[in-house]
Amino acid sequence: MVGRRIKTENRLKENNVTNEKDGAILIVDDDLFIVDYLSKLLEGFGYKLITSDNASTALEILMQEEVDVVLTDIRMPGISGLRLLDKIYQLNPDIPVILMTGYADIDYAIEALQKGAYDFIQKPFKSEILLNAISKAHRHRRAINIEKKYKSMLETTVKIRTDELSTAFKDLKELNAEIILRLATVAEFRDNESAAHFSRISIYTNKLASAMDFDSNFIETVTLASKLHDIGKIAVPDKILLKPSSLTSEEWATMKAHTSIGAKILAGSKYKVIQTASSIALNHHERWNGSGYPQGLQGHDIPIEGRIVIVCDQYDAIRSSRHYKKGISHHETIRILTEGDGRTDPNHFDPDVLNAFIKISDSFNDIFETYQD
């Protein structure tokens, strides 16, 4: 028997049954003869071993040491094999547990397998069967560790890529904001409007869109895009744009073309903020009752961004002083927008937008008084 066992063990060594023996095997059995036999057998195959003769000590070892496989008798003094199995998996569900069992405990061992045990070996066991079970358990644990490392590496890679994309997206948003600000500055140099006017329109728009409970993406987009509402004025001749007296009908037709020109300047972009800016440039003089320009759109045919910006633009235009008129107080401006004055009429505005404006009109006054050149 001894000679046959030695031949079997030599054949296993030659075939390199086991590999990746970096982690320890914890042997748990109160039979010191079995512990001694298993220790000599497994050490001969290069395994690191930790032994324990009771479940309590074994659990303490698991909390302190790096263990790859647990090899335990199914019946331990003071604790059942199933209870020990539960406690092991509470500490570390990735550790393969191999149960050593007598013939009478087969049903018990099958129940343990159903509860998550990796394998069981029937006593008296053959060395070849035991070593194969240990080798498979080691490979199983190694596969779990590789998967965890890969998952961790993948999560790290995803986080790095996400951070990179977030930075790129932030840079793109900042670039968009800067380009829009510079384009608005071009319009400012051409127009008799002030830089503060473009800033106020943007802030008014933000307040009004927020008051109407639009989603944050729309609010952010329309806030930025509204700065370019008058970008088309860069194509209007100075003699018309800066004329101190009333415009002729021909000059007024040229002036009104700034809406279409602005839309063309911004047309064709794949970016939402520029698309919205193009829509605002085109539609911020369209009126709810259809009397606006350039297309005479009516009601909900006018894009919502245009319906918002016209209220903001009209409020600021009425309040502001020009070389051809004096500025008007906040309260009088509210009266004109809500009651009309022969030139401005409440029917020019989307009722929902106008009602939202009335509710937050005091904030418009604060913005106007704060943002002055």
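The exchange below concerns a helix pair and the nonpolar cores of a predicted model.

Biologist: Why are α13 and α16 called oblique to each other?

Modeller: The axes of α13 (residues 304-319) and α16 (residues 361-370) cross at roughly 55°. Roughly parallel needs an angle under 35 degrees, and roughly perpendicular runs from 65 to 115. The angle fits neither class, and the pair is therefore oblique.

Biologist: Within what distance do the two axes come, and what is the hand of the crossing?

Modeller: The axes come within 11 Å, and the crossing is right-handed.

Biologist: How do you know that α13 and α16 meet, and which residues are involved?

Modeller: Contact requires heavy atoms within 4.5 Å. On the α13 side, Cys 312, Tyr 315, Asp 316 and Arg 319 meet Phe 364, Asn 365 and Phe 368 of α16. These residues divide into 4 nonpolar, 1 polar and 2 charged.

Biologist: What makes a set of residues a nonpolar core, and which members of the largest one touch the most others?

Modeller: The members are buried nonpolar residues joined through side-chain atoms within 4.5 Å. The largest such core has 38 residues, and Tyr 204, Leu 208, Ile 308, Tyr 315 and Phe 357 touch the most other members. Elements giving two or more residues to this core include α7 (195-211), α13 and α16. With 8 residues, α13 gives the most.

Biologist: What does Ile 308 contact beyond its neighbours within four places in sequence?

Modeller: Ile 308 is in contact with Thr 205, Leu 208, Ala 209, Met 212, Phe 214, Phe 218 and Val 353. Apart from the largest core lies another, of 26 residues, among them Ala 55, Leu 84, Leu 99 and Ala 112.

Definitions and conventions:
Residues are numbered from 1 along each chain as its sequence is written. This is a predicted model: local features need pLDDT of at least 70, side-chain atom pairs count only at pLDDT 80 or more; totals for chains, interfaces and linings use all residues. Side-chain values use heavy atoms; hydrogens and water are left out. Axes are lines fitted to C-alpha atoms, for helices over the stretch in contact, and angles run from 0 to 180 degrees between N-to-C directions. Helices (H or I, at least four residues) and strands (E, at least two) are DSSP runs, numbered from the N terminus. Angles under 35 degrees count as roughly parallel, over 145 as roughly antiparallel, 65 to 115 as roughly perpendicular and the rest as oblique. A crossing is left-handed if the near helix is turned anticlockwise from the far one by less than a right angle, and right-handed if clockwise. Ala, Val, Leu, Ile, Met, Phe, Trp, Tyr, Cys and Pro count as nonpolar, Asp, Glu, Lys and Arg as charged, and the others, Gly among them, as polar. Buried means under 20% relative accessible area, exposed over 50%, partly exposed in between (1.4 Å probe, protein chains only).
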